[in-house]
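I opened the structure today to look up two things. One is a helix pair, the other a pocket.

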Amino acid sequence: MKQEKREQLLKEVLGKKRSLHNLNQEAKELVDITNQELLNLIQSNQQEILQLSKELNFTDEDFENLRKDIEKDFHVKVEDTTIPVNPKDIKVIFQEMEENLNRVVLGQAQAIKDMIVALKRPYVIGSHPDYLKNTILIHGNNGTGRHLLVKEVANELLKHKLSPSNEIAILDMQRYQSSSQETIFLQDLYMALNGNAGIIAVEHITEGYTVFNRMLQQLVVEKRIVLNKRYTLKHGYLQEATSGLVKDAIDVLTGNGKLLVFLTDKKMSDVLDTYGKQFIDTVVDKIETVKLNDAVIGVIVDKLLESLLNKMKVQLKVQVQLHDSVKQWLLSKYQPSDGMDSITPFIQVIYNALVDVVLNHHDVSGVEIQFDETLMIKHHEEWIKVDLRDDSVVERQKIQEELDRIVGLDEVKEYLLSLEDHLKITNLRKQKGLKVTEVSKHMIFTGNPGTGKTTIARLVSRLMKVAGVLKQGQLVEVTRQDLVGKYVGHTAPLTMSVIQSALGGVLFIDEAYSLYRGKDDSFGLEAIDTLVKAMEDYRDDLIVILAGYSKEMSEFLTSNSGLKSRFANIIHFKDYTGMQLLQIARIIAQSKEYKLNMAVEKPLLEYFLKVQADNSQTSGNGRLARNVIEDAILKQAKRILKNPDADMLELVLEDFDVLAQDNE
């Protein structure tokens, strides 16, 4: 069986028609081929060898025997093409490395085993110094130790002298979102490939600009990136060559013996969609970090608390006794969807609470900390309660009060509350480790000006933050002029800068239809394309709300094939009735500490009814009511100056010019 496997692998290395039985004949046929050419042949099939070796379960011993066969029959030392191996037995090195990783990266024994296999491959099979040492894909939920694993691998490689440093070069694909950033991306990639770091870690791997994703795919699959321009290196920075006669011009990027690691919390199907099947097939070492079990979570929390105690002792000079209730409180905060990331913020809460005690009390050298309905710190026989009340509860009450004060918009309010209910259930299912159904949270608000679209958008941003959907909850309100540039290459970076400012909150684009002025509006279309891609890349950290007239928004959705599918929630804001405008006028007056005289209400209602009946599309709706009240306040000021004894809080009939004009 072993003989058959070796024959199969040799066929892959040396060609389909060659076999172990006729090696001597093949040697004669290859007599005119130099040793280096044969080595290049082996190297050119490196990825195929990696894949096949995994499928055939080849051991180190199998490869050693294979090496000997090649050396015996072809008089070529395969080691000439491999990475220099530390004099220490390579098996012992990686065995020790695996043990060390398991002591630090808890609960990921299989992932660590797979990582060791991935690290061992280039030392067993060989690796050309100009190409990547290996490519590894690590996928798994947040908080499961993906980044910790890479960090500790870097430390271990340096420790065993298998890498010149433990530096890790980071390529965060979120940073590269448009063609205008090509030079920046290439500069960062060049520095990573030619710097001191032995490992290049690619973050947010599905969120980069398509062209840059393709370059990484090319580096992995084809072993090098052929650039479409020639560059020179000046003071460590790439500059586009202005002449074809430039000496030592750079037009190709290669792996330079780096270990390339892709990190993602996305599904493998998302990675496949981004990089393609050839990339997936080429990357032999795909490592999954799994969800942590209760026992492992407990051990990790113990280590976090041990580190916390040491930090308190060293930085705050305080000896702390932690009750077990603190650990139990932390364990209750664990959520499978976020892993240990759901617990670590509360470690900081404990530390910050002790900092407050140290700052506000004298002679704090020893304390006890326990959890009894809230966090409590004992200092000089006094138990100090730490306020852990969730501000989101108070904020939710305020949002509800504001919703209740909004006149009309019953259907809009009902939609928001149903969305909130869905999000609550989704969070509960996540906490229990159950599958969840994600719904699109992007929205289109249609309706005439003054119907409350911006007001509701502000409440959406706050409501989504309270629900835990958004981290910040800010509202960034923009129009076309904030997104569309004035010259070629300006639009995408401008749009991305606005999007970046809205991350963690809501991007509200008023009169969004103005972004599309026809097929010849290349700047507007570029802004739309950038927006659509960002919505996908940041779907967990951004809500986009588009606002405009109903008809125009329907036409706008046809400008990009990806728009309509991403905006499943189209919410129409109806024009206010005359009675609703009167209610709004009362509320606005009260908010400014004024009141309407009883004699004003009937003629004011009649005025609103008439305006809305004539043309509600241009009336201004809620803005109309605001303008009427503010004009009346100005008119009242003149009246009060002439008659200081008059009631300063009351708005009377003569204060309303629109009513006087209407009567005329």
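My entries on the helix pair and the pocket follow.

**Entry 1: the helix pair**

I am working from a predicted model. I looked up helix H13, residues 294-315, and helix H14, residues 324-332. Their axes lie 10 Å apart, and the packing angle is about 125°. That angle makes H13 oblique to H14, because it falls neither over 145 nor within 65 to 115 degrees. I also noted the handedness: H13 passes H14 in a right-handed crossing.

Which residues meet there? From H13 I listed Ile297, Gly298, Val301, Asp302 and Leu305. From H14 I listed Lys327, Leu330 and Leu331. I then sorted this contact by class and got 5 nonpolar, 1 polar and 2 charged residues.

**Entry 2: the second largest pocket**

Next I turned to the second largest pocket. Its volume comes to about 860 Å³. I found 31 residues in the lining. Which of them lie nearest the centre? They are Gly450, Gly452, Thr455, Tyr576 and Arg626.

I then checked which elements give two or more residues to this lining. They are helix H16 (391-405), helix H18 (453-466), helix H24 (578-591) and helix H26 (622-642). H18 gives the most, with 6 residues.

Last, I sorted the lining of this pocket by class. I have 11 nonpolar, 10 polar and 10 charged residues written down.

Conventions: Residues numbered from 1 in each chain as written. Predicted model: local features only at pLDDT ≥ 70, side-chain atom pairs only at ≥ 80, totals over all residues. Heavy atoms only, no water. Axes fitted to C-alpha atoms, helices over the stretch in contact; angles between N-to-C directions. Helix = DSSP H or I, 4+ residues; strand = E, 2+ residues; numbered from the N terminus. Parallel < 35°, antiparallel > 145°, perpendicular 65-115°, else oblique. Left-handed = near helix turned anticlockwise from the far one by under 90°. Contact = heavy atoms within 4.5 Å. Nonpolar A, V, L, I, M, F, W, Y, C, P; charged D, E, K, R; others polar. 1 Å grid on protein atoms, 1.4 Å probe; cavity = no way out; pocket = protein on both sides within 12 Å on 5 of 7 lines; lining within 4 Å. Points joined across faces, edges and corners; volume = space filled by probe spheres on them.
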